[in-house]
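Student: Hi! I'm new to this one, could you walk me through it?

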Amino acid sequence: STPDPADLLSKLNEQQRRAASHVQGPLLIIAGAGSGKTRVLTYRIAHLLQKQHALPHNILALTFTNKAAREMQSRIQDLIGERASGLWMGTFHSIFSKILRFEAERIGYSSSFSIYDSADSENAIKLILKELNYDPREIRPRTIQYKISDAKNQLVGPDTYQNRFVQSTLDDITARVYQLYTRRLKEANAMDFDDLLIRPIELFEEHPDVLEKYQDKFRYILIDEYQDTNHAQYKVTRLLADKYENICVVGDDAQSIYSFRGADISNILNFKEDYQKATEVPLEQNYRSTKHILQCADSVIKQNRKQLEKTLWTENIDGEPITLLENFDERDEANRIVNYINDLKLRHGYQNNDFAILYRTNYQSRIFEEALRRKNIAYQLVGGLSFYQRKEIKDVLAYLTLLVNPEDEQALLRIINEPSRGIGNKSLNDLLKKARSTGSSVWKILKNVETADLYKPAEARVKEFVQMIENLRELLESGTPILDVTKKVLEKSGYLKALVEENSAQSLTRRDNVLELQNAIAYYQQNTGNAKLSNFLQEITLITDTDKYDENKPAVTLMTVHASKGLEFPVVFIVGLEENLFPMGPREGEEPNTEEERRLFYVAITRAQKHLFFSYSKMRFKYGEEQRQARSRFLNEVDPGVVRTETGATIRQNRTDSSSFSVERDDSSDSAKRTDTEIDYDWKSPVNSKKPRSSGNSDYEYEYDDDPFRTGAHVLHPSFG
Ligand code: ATP
Ligand code: MG
């Protein structure tokens, strides 16, 4: 039953109420962790709807994860009942991909455009590098990919890049690849993740009528975690809010942790300049944490020079001191923490899902997984290799994608000879050359394969392949339920049969995964009115890491600090507090970003509600060798009054200068942006370390994905597992 409407804002404090009941004009809320920023956004939407200031479809709420959007939606529903349906809520990527589907024609795309995930983009870039006669082992595609992505997020197009940003040979190569990459994407009717943010800007700037339509539609815009928006996100919301200026942003400059992906803290800091009429409401009461935890968080963030002063107090109890666990090595660390989990369950009646183990990099999860498994404690790993990134899943999804958008070159190249149907490397190269020289898509060449001068047997196989895809496309277009289409794809392509015939442990695991995908599609079809294949494909491409976290699953949560943003847990363990791990050292050729590492530590601390543990190891395996580890400088910065060792002693602190940061990189990674997550372990089956089954086309071989940033759009992303 719907609660009494008069009561709606009674569950808020005075400041929160002021913010939630604000109706017209820009509103800025910069406030500390756990002060109810997200809660205020939720209540403000409920209030706007209840007082009928807005209809649901007039409200656009942008969240950092899909999960946060779903949660907000269901809370609003609880608060005011049915009226909540029709709200536009989601991540920037999911909302703007929806808008782009409606308006694609205006910018030269068709509404069936594909979304290239990071792996697809990287493969496309690899192909271009080869075309330009560079060796992808020397010029790493991923390096170029990051440079292009940076440029795109700064709204620097390929021409501008070429003319103004070229300072080195690498820049020059990037400029040439960027040109071709942009063209290829367009030809493939595909957008990458960055396009989902920048194409709307192009759309709005070139088509004022379209902009005005959406300005009138989205009378009220609300953005959570605004401190982590990048330039493109800033720009697109600025455009949308320009007419009515009903834009409400909430955030905490102390929790800005995505600068390595282009997040720009000045977006929130300059809000009052951008919107001169802005009302600012502070939120100062924390409802999440004990006094000790808050005091600790405060002592840490105060060390940052570039930090806004904020008041944060709580009526919560003092709570226990924070416990520092000093371990011999990482195994000792994991075992000790598992013992603490068991102990806290006994002493305080906690359940598994009350615990979170937070680490700086994904690879740290493995030891904890082993320790938890040994003690039979259920856990959920958030992040890491997603189900949807597995080779076999990507293969099947590529078939499905082709049915929606046959121009999708990456999907096409992925499966044209998978399973092997005798269309080899040589034929593929000929087809690609033909496509490039005539400026048409590979699919168009395939449809007129006679003109491509292929080796005759290959030509016949291409014709069979094209016929198969055409037949399946007809099946889909005739309105056949997507589950049936999927089954037909698996049958007609021979994909499932090939896995069964291979009959290895690995191929059978893959078959099971493919069948699991079929289950996912069945579920989607059951739970979605008029389930469309293109929507299903879009949703899974845009899954983020944190989306995988299920707070109701009776399991201990393992995740990176980055993925934990916005969440809260009764008991938190922050592990691996060692120099060069947390804080992590800078990448080669880069300046240390100690302030951002410290903000990350602040985010970690403020996830805790009742009990907080810090932990480090004196020794740790690196490069296959035990190495001595130095304790994190952050432990010298925390207020020693609220931290105790396991024996109850005050912690030792050596007050050295912690502003300098002379460390070597502690890992051998040479990729540009992979700071928070380096290696992904596959907890379901040990397949991802092995090479995938190959169709024999080494040039077009698709490998397992080990890059955390190539999952869904930002912050990575519900998976099975
Ligand atoms: P973060 O900075 O971590 O995103 P936040 O400022 O968004 O935190 P919320 O997650 O909205 O904070 O709130 C923190 C916790 O405090 C939540 O459990 C929320 O339900 C609770 N809370 C917030 N305001 C109140 C209130 N007025 N009464 C009771 N509980 C509240
Ligand atoms: Mg929040």
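Tutor: Happy to; we can chat about the overall make-up, a sheet and the ligand surroundings.

Tutor: Keep in mind that this is a predicted model.

Student: Okay! How many helices and strands does the protein have?

Tutor: There are 27 helices and 17 strands.

Student: And what share of the residues count as buried?

Tutor: Of the protein's 721 residues, 51% are counted as buried.

Student: Now the open sheet. In what order do its 6 strands come?

Tutor: The order is 3-2-6-7-1-8, and the pairing is parallel. Strand 3 (88-90) and strand 8 (279-280) are at the edges; each has a single partner strand, so one side of each is left without a neighbour in the sheet.

Student: What holds paired strands together in general?

Tutor: Strands of a sheet pair through backbone hydrogen bonds.

Student: Can we zoom in on strands 6 and 7? How many bridges join them?

Tutor: Strand 6 (residues 220-223) and strand 7 (residues 247-251) run parallel and are joined by 3 bridges. Ile221, for instance, has Ile247 in strand 7 as its bridge partner.

Student: Which helix packs on the sheet there?

Tutor: That's helix 11 (residues 231-241), which touches strand 6 and strand 7. Its direction makes about 155° with that of strand 6.

Student: Switching to ligand 1: which residues come nearest?

Tutor: Out of 18 residues around ligand 1, the nearest are Gly36, Lys37, Thr38, Arg39 and Tyr287.

Student: Which element gives the largest share of that shell?

Tutor: Helix 2 (residues 37-50) does, with 3 residues.

Student: And how does the shell divide by residue type?

Tutor: Around ligand 1 there are 9 polar, 6 charged and 3 nonpolar residues.

Conventions: Residues are numbered from 1 along each chain as its sequence is written. Chains are lettered from A and ligands numbered from 1 in the order in which they are written. This is a predicted model: local features need pLDDT of at least 70, side-chain atom pairs count only at pLDDT 80 or more; totals for chains, interfaces and linings use all residues. A residue is near a molecule or strand if its C-beta atom, placed from the backbone, lies within 6 Å of it. Helices (H or I, at least four residues) and strands (E, at least two) are DSSP runs, numbered from the N terminus. Ala, Val, Leu, Ile, Met, Phe, Trp, Tyr, Cys and Pro count as nonpolar, Asp, Glu, Lys and Arg as charged, and the others, Gly among them, as polar. A residue is buried if 20 or more other C-beta atoms lie within 10 Å of its own, exposed if 12 or fewer, and partly exposed in between; C-beta atoms are placed from the backbone. Two strands pair if DSSP finds at least two bridges between them. Two residues are in contact if their C-beta atoms, placed from the backbone, lie within 7 Å. Axes are lines fitted to C-alpha atoms, for helices over the stretch in contact, and angles run from 0 to 180 degrees between N-to-C directions.
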